[in-house]
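Could you walk me through this structure in my viewer, one selection at a time? I am new to it and would like to know what to click on next.

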Amino acid sequence: MGDRIIYLDHAATTYVKPEVFDAMKPYFCEHFGNASSIYSMGRESKKAVEEAREQVAKALGAEPREIYFTGSGSEADNWALKGIAAANKKKGNHIITSAIEHPAVLNSCKYLEGEGFEVTYLPVDSDGLVSLEQVKNAIKENTILISIMFANNEIGTIQPIQEIGAIAREKGILFHTDAVQAVGNIPIDVEKMNIDLLSLAGHKFYGPKGMGALYIRKGVKISSLILGGQQERGKRASTENIPGIIGLGKAIELATKNIDEYNKKLLNLREKTIEGLMAKVPFIRLNGHRSNRLPGNVNISFQFIEGESLLLMLDMKGVCGSSGSACSSGSLDPSHVLMAIGLPHEIAHGSLRLTFGDDNTEEDVAYILEEIPKIVTKLRDMSPLYEVVKNNK
């Protein structure tokens, strides 16, 4: 392999595509005017921002005035939950979410519980799916918001978003989805899917870091998260990150233009990896739904080994993977997602997440299918538990 790095952690972040970087460059040094200024340089920036807003809206089947730029996907999640809660507290104080949401949603819910709101955390099945029946049964007279992620960042399971949205719409309840992992991987139409609010982040689909957006359906009552000037139609104060906004617009345009072709490529790499590992390594399990999952997501638990050791040894072989969410990589606790789908601690700790992207090839898959079984064997040879199992076979 030489010095080549095989990057298989696209769910954590992606590189910025050259076309995206080229679109951003002029707005750092040449067209640096403040979009709130009335002179020509400011008007140039304002025009570029509105063009990017149109690109994001088109990608989601929304109207440009329904798109609000944020500093990240986490900010968009925080704004959706806290903003809806604050604006609708006279109507009710109950929120429904799932046990496998991103920490940006879960921690916002915990914060709101401290503010007197009631939150129902729906369980998921062994594939990581929310039950539509349980969504219906959780609704109360005072329910104001349902927030269910589009696709899980760890196990890749895709939720029945359109159906959940229909349930919410029928009951007059607002529906938010954290689509940070879905945008650029799954075709999305907010109208058809009954979505009222949707969060996204540019760095998941080859755009810049520190740049996100929140779709808010027109007519939805929401409080501002950041107070100050009149940027983003008075909803989200602070001077616009013009290069970031331009980059986000360009990245989402590129990502949605070739989405079918991109998905086909990732699906091929995913299936070859899953089938290859299942055939070569005993005592493993695939986490997440077998087919209803993100096209580039592989999450596998290996019994009798520790995930961190596997990651470090893969790193020595030039492979970048993950044991779960990038937001929790400093934690020694097992993944809340893997625990929610019913994995015991020791198996959850032995998980590996590989997420494919544009730069990956079948040669990469061949390499990891050669290296992972060798590393797993080496680690298991050091495990007294595996020794017992092997001797009893």
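Start by selecting R353 and D9 in this predicted model: their side chains meet in a salt bridge, with 3.0 Å from N to O. The two residues are 344 apart along the chain, so this pair links distant parts of it. To get your bearings, look for R353 in strand 12, residues 351–355. D9 sits in the loop between strand 1 (6–7) and helix 1 (18–24). Now switch on a surface display. Are R353 and D9 buried or exposed? Both R353 and D9 are buried.

Why do such pairs form at all? Side chains of opposite charge can pair when their charged atoms come close.

Next stop: helix 3, which spans residues 40–60. Select E50 and R53, which both lie in this helix, 3 residues apart, or about one turn of the helix. E50 forms a salt bridge with R53, and their closest N and O atoms are 2.9 Å apart. Keep the surface on for a moment and take the two partners in turn. R53 has a relative accessible area of 3%, which is under 20%, so R53 counts as buried. E50 has a relative accessible area of 27%, so E50 falls in the partly exposed range between 20% and 50%.

Now move along the chain and select E191 and R217. Their side chains meet in a salt bridge, at 3.0 Å from N to O. This pair, too, links distant parts of the chain, with the two positions 26 residues apart in numbering. E191 is in the loop between strand 6 (174–178) and strand 7 (197–201), while R217 is in the loop between strand 8 (212–216) and helix 8 (242–257). How accessible is E191? E191 is partly exposed, at 39% relative accessibility, whereas R217 is buried, at 13%.

From here, add K46 and E232 to a selection with E50 and R53. Salt bridges that share partners join K46, E50, R53 and E232 into one network. For the wider view, a search of the whole structure finds 24 salt bridges, and the pairs on this tour are among them.

Finish with the cysteines. How many disulfides are there? The count comes to 0 disulfides. Two cysteines to click on are C109 and C320. C109 is buried, with a relative accessible area of 0%, while C320 is partly exposed, with a relative accessible area of 22%.

Methods
Residues are numbered from 1 along each chain as its sequence is written. This is a predicted model: local features need pLDDT of at least 70, side-chain atom pairs count only at pLDDT 80 or more; totals for chains, interfaces and linings use all residues. Side-chain values use heavy atoms; hydrogens and water are left out. A disulfide is a pair of cysteine sulfur atoms within 2.5 Å. Buried means under 20% relative accessible area, exposed over 50%, partly exposed in between (1.4 Å probe, protein chains only). A salt bridge is a side-chain nitrogen of Lys or Arg within 4 Å of a carboxyl oxygen of Asp or Glu. Helices (H or I, at least four residues) and strands (E, at least two) are DSSP runs, numbered from the N terminus.
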